[in-house]
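User: I want to learn how to read a sheet in a model like this. Can you walk me through it?

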There are 2 protein chains.
Amino acid sequence: MFSNRIDGLRPSPIRAILSVIDRPGMVSFAGGLPATQMLPRWSGTIAPQTLQYGPSEGEPSLRAAVSDQLRRLGIDAPPERVMILSGSQQGIDLVAKLFIDPGTPTAVQFPTYLAALQVFRFYGARFVGVHTADAGEARLAYVVPTFANPTGACATSAERDALARRCLDAGTVLFEDDPYRDLAYEPCDRQPVAARMGGGSWIYQGSFSKTFAPGLRLGFLAASADLFPPLVLLKQSVDLHSSRLSQLIVHDAITADGWNARLEELAAFYRARRDTFEETLSRHFSDLARWRTPSGGLFYWLQLHDTYSVDTRTVLDEAIARDVAFMPGEEFYPNEPRLGTMRLNFSHADAAQADQGLRALAELIRSRTRSGRSRSRARTSSCTPARMPASPGSS
Amino acid sequence: MFSNRIDGLRPSPIRAILSVIDRPGMVSFAGGLPATQMLPRWSGTIAPQTLQYGPSEGEPSLRAAVSDQLRRLGIDAPPERVMILSGSQQGIDLVAKLFIDPGTPTAVQFPTYLAALQVFRFYGARFVGVHTADAGEARLAYVVPTFANPTGACATSAERDALARRCLDAGTVLFEDDPYRDLAYEPCDRQPVAARMGGGSWIYQGSFSKTFAPGLRLGFLAASADLFPPLVLLKQSVDLHSSRLSQLIVHDAITADGWNARLEELAAFYRARRDTFEETLSRHFSDLARWRTPSGGLFYWLQLHDTYSVDTRTVLDEAIARDVAFMPGEEFYPNEPRLGTMRLNFSHADAAQADQGLRALAELIRSRTRSGRSRSRARTSSCTPARMPASPGSS
């Protein structure tokens with residue numbers, strides 16, 4: 001079930017020891033622990049213990065708070081099977097390490113989160129589509145069912161049930177990545193697929209980056225009982241544990257009275273941003289591309305019309321030179337990319353910035369397509385771009 | 001030179017984009033960035049930008065401060081080749097990923113830091129002694145020349161020169177881990193081996209855990225120009241970047257006027273702890289073990305006399321039950337362990353705790369050896385343990 005390298009994974013006494021050093025009365029000669037009184041008196045509100053080494057799994061208080069939230073989602077995740085991550089990107093690396101050898105069949109959505117693909121590819125994954133017949137042979141299925149990255153799609157209840165069933169039937173480990181679930185702008189079924197995996201092997205992970213602050217680099221995972229222990233060993237081997245200060249700050253935030261109100265405020269704010277973006281996008285891109293309005297998450301996924309289709313990776317540098325950054329959609333495809341795709345985040349830019357950026361981007365694509373056309377069809381008289389015949393793959 | 005998996009490592013546009021999003025006037029549709037005004041107003045003293053996503057290499061200000069320190073040590077490490085790590089454990093994982101395939105000859109000290117061995121072993125390293133003839137075939141040499149973990153030894157100038165020369169001659173990459181350098185209690189040559197590697201390939205890493213606070217999980221590395229770019233890609237793939245809040249706190253601490261005074265205060269404090277520990281150790285262990293007084297760092301390395309030699313891993317659980325934790329020395333050996341070794345941290349416990357802990361530990365070892373003896377030599381009359389004949393390997 002696990003990757004070959006897991007054979008070399010042995011429990012280290014470091015973990016056993018980190019887990020007892022906070023015990024009252026314990027004398028520790030074990031770790032390389034600074035003397036507590038020599039820790040910086042950096043802030044009166046921070047307990048010195050927060051600045052000391054801590055347990056690999058994370059702070060018990062934060063694990064318990066996350067466990068509470070997961071239970072409400074129907075996920076079987078007691079605090080003992082919740083681990084705090086240094087951002088959910090770390091969870092992807094840990095899970096890939098645990099499962100992927102060169103050639104391991106790994107099921108993913110086409111397209112899907114590019115930095116997950118990057119990590120899976122690095123360990124040698126062979127990608128198969130999660131909705132294809134090949135998925136039955138996959139050892140691991142990585143999915144973002146709720147407001148997928150990059151497409152923004154939200155899987156239906158039937159799709160979630162079917163995915164869980166396929167994983168259970170084929171003995172495929174479900175790896176559900178759910179960073180956007182709280183950013184919902186219209187009702188849809190958001191119950192995790194992991195909540196439907198009774199008896200199977202699964203990892204579910206989430207992030208505090210979207211609801212609290214990315215700069216603290218904090219996320220979490222929960223896993224079925226067969227997978228949790230090796231994941232903790234892997235976590236210990238990559239950074240011992242996550243920042244205790246970040247954990248403290250996030251714990252206080254998500255257990256505060258105002259947390260749910262903050263989540264509602266956040267969703268309302270981003271819903272308004274999305275609506276403004278939609279309007280701006282329609283103004284600048286309606287003749288250039290098609291898209292679906294996302295019901296949650298942070299992204300629009302654009303497919304340029306054939307007439308304007310370029311490999312958008314070739315446009316990025318010039319876009320940055322014009323002070324607008326976007327994510328080329330081609331990067332999100334595991335194998336052969338579909339050209340002419342772009343992922344546009346709508347949460348960061350305000351209305352004026354969105355207008356400025358989308359205008360610049362649309363101009364760039366028009367000009368690139370014109371110059372591509374003029375190279376390939378020299379001296380064709382100009383006409384309105386929307387009425388030009390398709391020139392697929394023009395650079 | 002690199003591991004096979006590095007063939008699958010491709011630059012991601014995420015990095016290029018993370019590095020420009022802070023540029024004034026830039027409109028970013030690229031990342032999944034929260035709107036800056038929706039970031040928590042967690043503290044009036046923290047710029048909102050600190051809570052946003054940041055560059056994989058780390059905060060420019062902190063990289064520059066580290067670069068300044070490294071230049072004073074003679075290391076060729078401009079800010080562009082300094083990377084901030086989520087603790088130096090992370091550097092070990094990144095470097096192992098970069099170089100180690102199953103069977104890759106990896107030179108280390110015998111014994112050496114157990115969590116480095118764990119990571120190297122996990123990727124399939126074959127260990128050779130850094131001071132043996134086999135070291136010539138090693139792809140990577142991992143060393144802690146200054147106050148080594150676990151032995152506390154400090155390499156001489158001649159040893160440092162020779163190590164650099166061997167790496168340069170054999171084309172071995174030097175990986176120097178230097179977390180303890182500021183905890184020096186007697187004069188010794190501490191100039192990094194990396195400062196002697198002109199023209200070669202090297203990685204040098206350090207930690208803020210010993211001089212500032214482990215709980216923030218922050219360290220750094222610098223590397224030769226051939227190695228830095230792939231290390232940044234690997235860093236991005238494991239956690240995007242380290243906590244910006246931690247980086248800000250550490251930057252402010254290490255650039256403050258009082259920093260050098262703090263380092264001196266720290267060394268004085270730990271020197272006194274070491275002296276107290278030495279005295280207490282002599283009281284409880286002089287008939288049980290031998291050791292060298294460490295001239296820096298955080299550890300005593302004990303070799304139990306043959307009479308009392310047990311596999312100290314078998315003693316750990318009982319020691320913890322008696323409220324004293326230590327690190328079994330056997331864990332620090334890459335291949336066959338030397339039995340009867342222990343690593344004892346002297347920085348964390350105060351005088352009373354050291355006395356209580358060392359007394360309990362000495363009693364445990366005496367009782368364990370007695371019971372082992374009474375099993376193997378039933379009804380031998382008791383005599384003073386120090387005069388018993390050797391019973392190697394008794395459990």
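Analyst: We take the sheet in chain B, then a strand in chain A. Keep in mind that this is a predicted model.

User: What is the strand order of the open sheet in chain B?

Analyst: Read across the sheet, not along the chain. The order is E2-E8-E7-E6-E5-E3-E4 in chain B, seven strands with mixed pairing.

User: Which are the edge strands of chain B?

Analyst: Look for pairing on one side only. That picks out E2 (82-85) and E4 (126-129) of chain B. From one strand to the next, the twist averages 20°.

User: How many bridges join E6 to E7 in chain B?

Analyst: Four, and E6 (residues 173-177) and E7 (residues 202-207) of chain B run parallel. One partner pair is B:Glu176 with B:Tyr204 in E7(B).

User: Which strands does helix H3 of chain B lie across?

Analyst: H3 (residues 88-99) of chain B covers E2, E5, E6, E7 and E8 of that chain, at about 160° to E7(B). Helix H2 (residues 60-72) of chain B lies across E2 and E8, at about 115° to E2(B).

User: Which way do the residues of strand E5 of chain A point?

Analyst: In a regular strand, side chains alternate between the two faces of the sheet. Here A:Leu140 and A:Tyr142 point one way, A:Ala141 and A:Val143 the other, and all are buried.

User: What does E5(A) pair with?

Analyst: E3 (residues 105-108) of chain A pairs with E5(A) in the parallel sense over three bridges. There, A:Val108 has A:Tyr142 as its bridge partner. Four bridges join E5(A) to E6 (residues 173-177) of chain A, also running parallel. A:Ala141 stands opposite A:Leu174 in E6(A).

User: What unit do E5(A), helix H5 and E6(A) make?

Analyst: With H5 (residues 157-170) of chain A, E5(A) and E6(A) form a right-handed β-α-β unit.

Note on methods:
Residues are numbered from 1 along each chain as its sequence is written. Chains are lettered from A and ligands numbered from 1 in the order in which they are written. This is a predicted model: local features need pLDDT of at least 70, side-chain atom pairs count only at pLDDT 80 or more; totals for chains, interfaces and linings use all residues. Two strands pair if DSSP finds at least two bridges between them. Helices (H or I, at least four residues) and strands (E, at least two) are DSSP runs, numbered from the N terminus. Axes are lines fitted to C-alpha atoms, for helices over the stretch in contact, and angles run from 0 to 180 degrees between N-to-C directions. Two residues are in contact if their C-beta atoms, placed from the backbone, lie within 7 Å. A residue is buried if 20 or more other C-beta atoms lie within 10 Å of its own, exposed if 12 or fewer, and partly exposed in between; C-beta atoms are placed from the backbone. A crossover is right-handed if, with the strands pointing away from the viewer, the path from the first strand over the helix to the second runs clockwise.
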